[in-house]
Amino acid sequence: MIVISIALLAGCSGKSGSEAASASSTGTTEISLYTGGSLNVKELWETLIPEFEKANPTIKVKLVYLPSGTGGQSAVDRLLAAKQSGQQSVDVDLYEGSLDDMTRGNSQGIWAKLDSSAIPNLSNVDSNALKQANDMAVPYRASSVVLAYDSSRVSTPPKTADELYDWIRQHPGRFAYNDPATGGSGSSFVNTAIYNFLPADAMNSSDPSMAQKWDKGFNLLKELGPYMYQKGVYPKKNQGTLDLLASGEVDMIPAWSDMALEQLNKQLLPSTVKLAQIDPPFTGGPSYLLMPEMSTKKEAAEKLLNYVLTPEAQTIIVNKMYGYPGIKWDLMPKELQNQFASVSSGYRQFNSGDLQKEINQRWQSEVAGQ
Amino acid sequence: MTEPQLSIRQLSKRFKTGDGVSDITLDVQPGEMVTLLGPSGCGKTTVLRSIGGFLEPDSGDILIRGQSVLKLPPEKRPTAMVFQSYNLWPHMTVYDNLAFGLHIRKHKKAHIQRAVTDALELVQLAPAARKYPSELSGGQQQRVALARALLLEPDVLLLDEPFSALDAKLRMEMREELRDIQMRTGMTMVFVTHDQEEALSISDRIVVMHAGQIEQLSTPQDIYDRPSSLFVASFIGRINLLPAVSDGTRIRLQSLELEPQPGQALLPGACTIAVRPEDVYLTDEQHSLAGTIRQVMVLGHYAEVSVVCDEQIIKMFVPREQAVHLLNGQAIRIGLRKFTAFPEQTAGITVSHTAASQAAATV
Amino acid sequence: MSHSVKRGMLGLALVIPSFLILFVVVILPILYAVQESLIDQNSGEFGLGNYIRMFTEPAMRTNIIYTLNVTLVSTVIALLVSYALAVYLRFGKGWMARWINRLYFIPMFVPGVIATYGLITLYSNHGWMARLLLLIGIDTFPKIIYSYSGLLLANLWFNIPFATMLLSSALAAVPNSVVESARDAGASSLQLFFRFILPLSYKTMWVALTFIFMGIIGSFTAPFLIGANSPQVLGVAMQQVFSNYQETHTASAMAVFMFLLCSVMGYFYIRTMGQDLDKQS
């Protein structure tokens, strides 16, 4: 759940709804793809679908795009309702969503198992990621929080988290992260600061007792407070810190890789801004494609899934979304690998349910209100 | 000769619209009531507001008791003004309205109380002290406004058409009251009005203004009897304006040959004869005009008779008893007791003709 | 009799739709919020727990005091500036007054988010203002954005035009002859203002005050984008409690508290209007 909200804030995740897609009797099959999120998700699919249809003339893809905040959640609800009322078929053939959607639907069995015999390109995907999703959701793209810095003022960026904290102490007022309640990049900075003191698997625990072990992390954040931009100003939203970096008010921020790369490309950020991942890395999250069990056109949907996981489609995805590919990096074209080398070292996933809420609450009272 | 209380010297003020006044010079003696009279747009209010300090003249000077007040703002000038309407301060009681000026002048409380009470008695409104302006009638409001201005004991009291929003009967009463107060207090007043009857009834002297200039400055009597221009003649009182021809020594009005009034010289040519209705009389003489009665209107103790003489309507006043014998369509002869002749060019053809028809048609 | 009954029914029929709308849109939500606020967020029991925590938790207490402080200071400054502006526009004759008169209400037509970003671009540390000052050699720029002063600035930007418009129309209704007769009676400019202009536009001043106060105390967009992280104004804190912490009951208690603050203002407003009616009748 935390993963979706992070991914949503980054503007690269999708949710979907449901509507009718009719099979036509003229030999072509029409499938419905439900997606949502920011406009760039829609633009991505509007590029991918024609390419797919060219290669598969018998399949038509109907894109149902529901902008974020307009009932994405209810699409899964509708699938659940259809299941409970005993309907035999649904009009959703593919659904773009999160791991949380998978979990919610899994208990009711609304998602179909994905099988590499039908989708050969599943082998391109990291098998661990598929296992984590019960083989029911394909992480087809992802983005992560990275360090964005202005290379004209920062010649040697920090390589590790500790180096980053040292850099912050040595350059008062030149670093900013956003209010974690308002955007995933700030949230990632806060989460990693807290969980770097804990064992690696703590990040996937939603055990409330975990909150007892946060003190070290919060002490670090409190201690860093006075060295922050304007002695402790945490802008609102992911864009808030990007704006500060763009105007040169700070030299370094945590930022979503896709947002930063897109804005670099559109020259909204100065070209001297560079991205780097630190060790241990910031958190990030993938966006998944799921196939409803009740879809009557699984074969066509599987074809589309298979296409999306080809290096060609993934190249379009990476270029359009400035995100991580859903398939392994070494399958991607060499030049793309080089271009994204700075951020491709990976990310961790933070997946501890309601604990995120408590972190934000405690951050507000202890760090912001210190 | 005493020093004038108010002296206006070559005052000029022109607005962007072209309206305004030019070269106004006027002396007002202490205790005198001078009226600025003229149609709207003639500049009378401009002069008054310049005296009060609400307008800055382009040139000229204004002196009060020998001191130039031109540089003083309204609150520093020894003048007080009574406005046409919305005069009283709606958020203050009548008492507070009157006391305000005295408070500002830092008078003692007891003194203020006495002065306000006296002033209210002067305008016969003592019981209204605790009321708000909205609880008073229009006439009462203007009386309070007058009292408020009087309390300031100005060297010159300025009144800007103070009674024009009141009905005719009340206006008449207020005139009398004002004149009465002026007599009692001996205050110097400058009064602006467009109502010639009002001007005639209350003024010591009248300044008739026209198009930003003084047309005539004299006593009401003199202005009535000896208007210096066709404009003044037509503006003041009721008058017949009749086209005539002058040969330089004598004037021909229809069939009648007239001697000019003493002291009047006329160039040969067309001219206009102005004669008041009360100066027209019924006669049997040969040296007179023949006409037909068109209408007889009884107006109280006298009657107004319209006589058509050679297609010109001449109005005359006759005593009521005499009017009883006059019938419509009756042929009569009329004579002119006194008249004023104006050369045509002083007023222009159009003015004289419209003025003549106005004189015939209106009160 | 049947006629009067008919008329009564007609009156009722005319009132019922608006009353129903009022009931559904205003009264029900308030009652619901009050009810929600009385359920303790922690224990789930009925009681004043949320309110007690609201006034005892240091962070929330700071937020409340901060909100009241920002609101009162902004309201007073906005009112003073608007009054001065309105008086200037009413009596000023020069080209300045004419141009201000044409332009002053423009901020009202700029959407809040855009205006807030505009203020950030203008007044942030590397904003236009700082760069302009740098051009003339001043390289220290006070911290305006992300602080109390930034919030103040935004509140003034949003509220001065509207208040000026209200007060201007009130001053336009003060007849010239009242002003002139006051000066004629010897009133200085200050006396003119305090004894005449103010009393005659005082009712509108209350309207303006009420609107400014309620607008600021409930504001969200500007404080969210421009204000400090802590303390927060109630609007931002409430949003955070509601959507991030998902503490519906705590958020309801905050909403009810804000509603009470506005009600106090509304009470004074209605009382002033009532007094005025009494005086006039």
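User: In chain C, which residues does the UniProt annotation "transmembrane region" cover?
Analyst: This is a predicted model, and the annotation comes from an unreviewed UniProt entry rather than from the coordinates. For chain C that record places the label "transmembrane region" on residues 12-34, 64-91, 103-124, 144-167, 205-228 and 248-270.

User: What percentage of helix do the spans 64-91 and 144-167 of chain C have?
Analyst: Both spans carry the "transmembrane region" annotation in the UniProt entry. Residues 64-91 of chain C have end C-alpha atoms 40 Å apart, with 0% strand, and residues 144-167 of chain C have end C-alpha atoms 28 Å apart, also with 0% strand. The helix content is 100% for residues 64-91 and 83% for residues 144-167.

User: Where in chain C is confidence highest, and where is it lowest?
Analyst: Chain C as a whole averages a pLDDT of 88, and 98% of its residues score at least 70. Within this chain, the lowest confidence, a mean of 83, belongs to helix α12 (residues 248-280) of chain C. The highest, at 93, is found in helix α3 (residues 58-91) of chain C.

User: Which two chains share the most contacts?
Analyst: Two pairs of chains touch in this model. Chain A and chain B do not touch, their nearest C-alpha atoms being 50 Å apart, whereas 16 residues of chain A are in contact with 16 residues of chain C. The predictor gives the complex an ipTM of 0.76 and a pTM of 0.74. The pair with the most contacts is chains B and C.

User: How do the residues on the side of chain A that touches chain C divide by class?
Analyst: The contact between these two chains involves 16 residues of chain A and 16 residues of chain C. On the side that belongs to chain A, the residues divide into four nonpolar, eight polar and four charged.

User: What share of the contacts in chain A, between residues at least 6 apart in sequence, joins residues at least 24 apart?
Analyst: Chain A has 14 helices and eight strands, and buried residues make up 52% of its 370 residues. When the contacts between residues at least 6 apart in sequence are taken, the share that joins residues at least 24 apart is 78%.

User: How far apart are the centres of domain 1 and domain 2 of chain B?
Analyst: Chain B, in which 41% of the 363 residues count as buried, contains eleven helices and 20 strands. Its C-alpha atoms fill a box of roughly 75 × 45 × 40 Å along the principal axes. The domain assignment gives domain 1 (6-224) and domain 2 (226-361), and the centres of these domains, taken over C-alpha atoms, are separated by 37 Å.

User: Which element supplies the largest share of the side of domain 1 of chain B that touches domain 2 of chain B?
Analyst: Eight residues of domain 1 of chain B are in contact with nine residues of domain 2 of chain B. At least two residues of the domain 1 side come from each of β9 (205-210), β10 (213-218) and α7 (220-225) of chain B. By class, this side has three nonpolar, three polar and two charged residues. The largest share, three residues, comes from α7(B).

User: Which strands stand at the edges of the open sheet β2-β1-β4-β5 in chain B?
Analyst: Four strands form this sheet, and their pairing is antiparallel. Strand β1 (residues 6-14) and strand β4 (residues 59-64) of chain B pair over five bridges, with B:S7 standing opposite B:L63 in β4(B). The edge strands, each of which pairs on one side only, are β2 (20-28) and β5 (67-68) of chain B.

User: Which residue in the turn between β16(B) and β17(B) has a positive phi?
Analyst: Strand β16 (residues 289-299) of chain B pairs antiparallel with strand β19 (residues 331-336) of chain B over four bridges, and B:A290 has B:R333 as its bridge partner there. Seven bridges join β16(B) to strand β17 (residues 302-309) of chain B, also antiparallel, with B:V298 opposite B:A303. These two strands form a hairpin with two residues between them, and the turn residue with a positive phi, of about 80°, is B:G300.

User: Over which residues of chain B does pLDDT stay under 50?
Analyst: The mean pLDDT of chain B is 86, and 93% of its residues reach 70 or more. Where pLDDT is low, the predicted coordinates should not be read in detail. In chain B there is a stretch for which the model has 28 contacts beyond four places in sequence, yet pLDDT stays under 50 there: residues 346-363.

Definitions and conventions. Residues are numbered from 1 along each chain as its sequence is written. Chains are lettered from A and ligands numbered from 1 in the order in which they are written. This is a predicted model: local features need pLDDT of at least 70, side-chain atom pairs count only at pLDDT 80 or more; totals for chains, interfaces and linings use all residues. UniProt positions are given in the numbering used here, feature names are shortened, and annotations may be inferred rather than shown by experiment. Two residues are in contact if their C-beta atoms, placed from the backbone, lie within 7 Å. Ala, Val, Leu, Ile, Met, Phe, Trp, Tyr, Cys and Pro count as nonpolar, Asp, Glu, Lys and Arg as charged, and the others, Gly among them, as polar. A residue is buried if 20 or more other C-beta atoms lie within 10 Å of its own, exposed if 12 or fewer, and partly exposed in between; C-beta atoms are placed from the backbone. pLDDT is the predictor's confidence in each residue, from 0 to 100. Domain bounds come from an automatic or database domain assignment. Two strands pair if DSSP finds at least two bridges between them.
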